Amino acid sequence: MGPAREDVVPVPAGDLRSGDWDTRRQLDELFKQHSAFVARLVFRLLGREDEVDDVVQDVFVSLFGNLKRIRRPEAVRAWLATTAVRIARRRLRLRRIGFLLGRSQRVDPMSLEGRGSSAEDRLALWTVHRALEKVSANARLAWVLHHLEQEGIEEVASVLDCSKATVKRRVAEAQRKIKKALDR
């Protein structure tokens with residue numbers, strides 16, 4: 001999922017203000033191809049619809065600054081995923097600090113009604129989200145990437161920049177909290 005180091009080289013990005021139309025078209029095309037993927041990933045990582053657009057925008061603004069450094073087209077999706085995870089991690093940490101300081105509002109996942117989802121499904125979703133709020137940002141990210149995005153342990157380790165053993169511990173930490181919450 002994460003780009004290999006040899007896929008990225010330092011080259012200055014084109015300046016869209018001066019009319020670099022090839023870069024502008026390329027960015028437009030990349031946004032069309034990958035924005036839904038990034039939005040889905042961000043929603044799953046954060047569990048909040050109200051933050052998705054901002055994070056997607058931040059990811060693509062970052063892509064603008066780094067586009068010329070990505071050598072292989074197939075590395076773009078992995079680069080976007082890695083960047084989305086890093087931005088989501090920052091937001092989760094800030095959210096936790098806000099909760100501790102009493103400055104952040106909780107979002108009620110029960111209000112996240114999916115098409116055709118039953119009340120039981122919404123309750124399970126709410127329970128999972130509440131349990132994920134009680135684990136570290138890194139445990140939440142590892143669990144979401146592994147279980148919801150169905151990434152292998154190796155890919156999760158690459159994206160989170162940690163060892164496979166650390167990913168397994170983080171996934172297990174989140175899984176214990178979720179299981180305990182669902183058993184209630």
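Start with the whole chain in view: of its contacts between residues at least 6 apart in sequence, 70% join residues at least 24 apart. The model is predicted.

Colour by secondary structure next. The chain shows 7 helices and 0 strands, and the order along the sequence reads α-α-α-α-α-α-α.

Now switch on the surface. The accessible area of the chain is about 11000 Å², and carbon and sulfur atoms account for 49% of that area. Colour by burial instead, and 41% of the 184 residues in the chain come up as buried.

Select the loop between helix H6 (153-160) and H7, where aspartate 161 lies. Check the backbone of aspartate 161: its phi is positive, about 55 degrees, although the residue is not a glycine. Is aspartate 161 buried or exposed? Aspartate 161 counts as exposed because its relative accessibility is 59%, and the cut-off for exposed is over 50%.

Move on to helix H7, residues 164-183, and pick lysine 177 within that helix. Lysine 177 has a relative accessibility of 37%, so it counts as partly exposed; that class covers values between the buried limit of under 20% and the exposed limit of over 50%.

Keep lysine 177 selected and add Lys134, Arg176, Lys180 and Arg184. Together with Lys177, these residues form a positive surface patch. Which residues should be on screen at this last stop, as members of the positive surface patch? The selection should hold Lys134, Arg176, Lys177, Lys180 and Arg184.

Conventions:
Residues are numbered from 1 along each chain as its sequence is written. This is a predicted model: local features need pLDDT of at least 70, side-chain atom pairs count only at pLDDT 80 or more; totals for chains, interfaces and linings use all residues. Side-chain values use heavy atoms; hydrogens and water are left out. Patches are made of residues with over 30% relative accessible area and no salt bridge: like charges are joined within 9 Å, nonpolar side chains (Val, Leu, Ile, Met, Phe, Trp, Tyr) within 5 Å. Accessible areas come from the Shrake-Rupley method with a 1.4 Å probe; for residues, only the protein chains shown count as cover. A salt bridge is a side-chain nitrogen of Lys or Arg within 4 Å of a carboxyl oxygen of Asp or Glu. Lys and Arg count as positive and Asp and Glu as negative; His and the chain ends are not counted. The place of a charge is taken as NZ of Lys, CZ of Arg, CG of Asp or CD of Glu. Helices (H or I, at least four residues) and strands (E, at least two) are DSSP runs, numbered from the N terminus. Buried means under 20% relative accessible area, exposed over 50%, partly exposed in between (1.4 Å probe, protein chains only). Contact means heavy atoms within 4.5 Å.
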